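Subject: Structure for your files

Hello,

Here is the structure we spoke about, with the sequence. My notes follow below it.

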Amino acid sequence: MTAKEFLKQYEEAERLVRICKTEYEKELDLIDSIRSPLGGDGVPSSSGISKTTENKAIRLAGKAEALKEAETEALRIRQKVYNVISSIPGDAGSILYEKYINLKSWGEVAEAVGYSKRHIQRIHQDALDQVQYVIECHS
């Protein structure tokens with residue numbers, strides 16, 4: 001695995017969290033759109049909960065579980081990437097942190113560390129070499 005692939009793992013994990021969250025929210029919206037099986041007096045109707053409603057609730061629970069698992073995995077990956085980045089000293093570490101942990105664009109990274117985009121990209125290239133060394137030493 002290259003240094004860049006290693007560092008981008010967290011971004012990919014966060015993308016999966018966003019997808020799972022969107023799917024969960026869509027399913028939740030579907031559940032919210034279903035009328036209550038209760039009558040106006042608060043007593044369940046004779047039909048109880050429909051099979052459709054029950055299936056939607058089961059799907060919602062599945063989406064919630066998938067979201068929880070994606071969030072847990074993203075946190076695990078974030079910690080792994082953070083541990084490597086924190087071993088990179090100086091500006092190189094700061095640039096990696098802003099780009100791969102805070103998930104900022106190159107322009108935002110440049111602004112955060114106070115260098116031009118061109119300069120941070122040069123530092124970034126050297127930092128990738130350092131990351132590659134660290135991940136090879138720990139594998």
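Helix H3 (residues 90–101) packs with helix H4 (residues 106–113) at an angle of about 140°, and their axes lie 9 Å apart. Because the class of roughly antiparallel starts over 145 degrees, H3 counts as oblique to H4. The crossing of H3 past H4 is right-handed. On the H3 side, the contact is made by Ser 94, Ile 95, Glu 98 and Lys 99; on the H4 side, by Trp 106, Val 109, Ala 112 and Val 113. Sorted by class, the residues in this contact of H3 with H4 are five nonpolar, one polar and two charged. Please keep in mind that the model is predicted.

H3 also takes part in an aromatic pair, through Tyr 97. The structure holds one such pair. The ring centres of Tyr 82 and Tyr 97 are 6.2 Å apart and the ring planes stand at 75°, so the pair is edge-to-face; the cut-off for that class is over 60 degrees. Tyr 82 belongs to helix H2 (residues 51–85) and Tyr 97 to helix H3, so the pair, 15 residues apart, links distant parts of the chain.

As for accessibility, are the two tyrosines buried, exposed or in between? Tyr 82 has a relative accessibility of 33% and counts as partly exposed. Tyr 97 has a relative accessible area of 27% and is also partly exposed. Buried would require under 20% and exposed over 50%.

Regards

Methods. Residues are numbered from 1 along each chain as its sequence is written. This is a predicted model: local features need pLDDT of at least 70, side-chain atom pairs count only at pLDDT 80 or more; totals for chains, interfaces and linings use all residues. Side-chain values use heavy atoms; hydrogens and water are left out. Axes are lines fitted to C-alpha atoms, for helices over the stretch in contact, and angles run from 0 to 180 degrees between N-to-C directions. Helices (H or I, at least four residues) and strands (E, at least two) are DSSP runs, numbered from the N terminus. Angles under 35 degrees count as roughly parallel, over 145 as roughly antiparallel, 65 to 115 as roughly perpendicular and the rest as oblique. A crossing is left-handed if the near helix is turned anticlockwise from the far one by less than a right angle, and right-handed if clockwise. Contact means heavy atoms within 4.5 Å. Ala, Val, Leu, Ile, Met, Phe, Trp, Tyr, Cys and Pro count as nonpolar, Asp, Glu, Lys and Arg as charged, and the others, Gly among them, as polar. Rings of Phe, Tyr and Trp (its six-membered ring) pair if their centres lie within 6.5 Å; planes under 30 degrees apart count as stacked, over 60 as edge-to-face and the rest as tilted. Buried means under 20% relative accessible area, exposed over 50%, partly exposed in between (1.4 Å probe, protein chains only).
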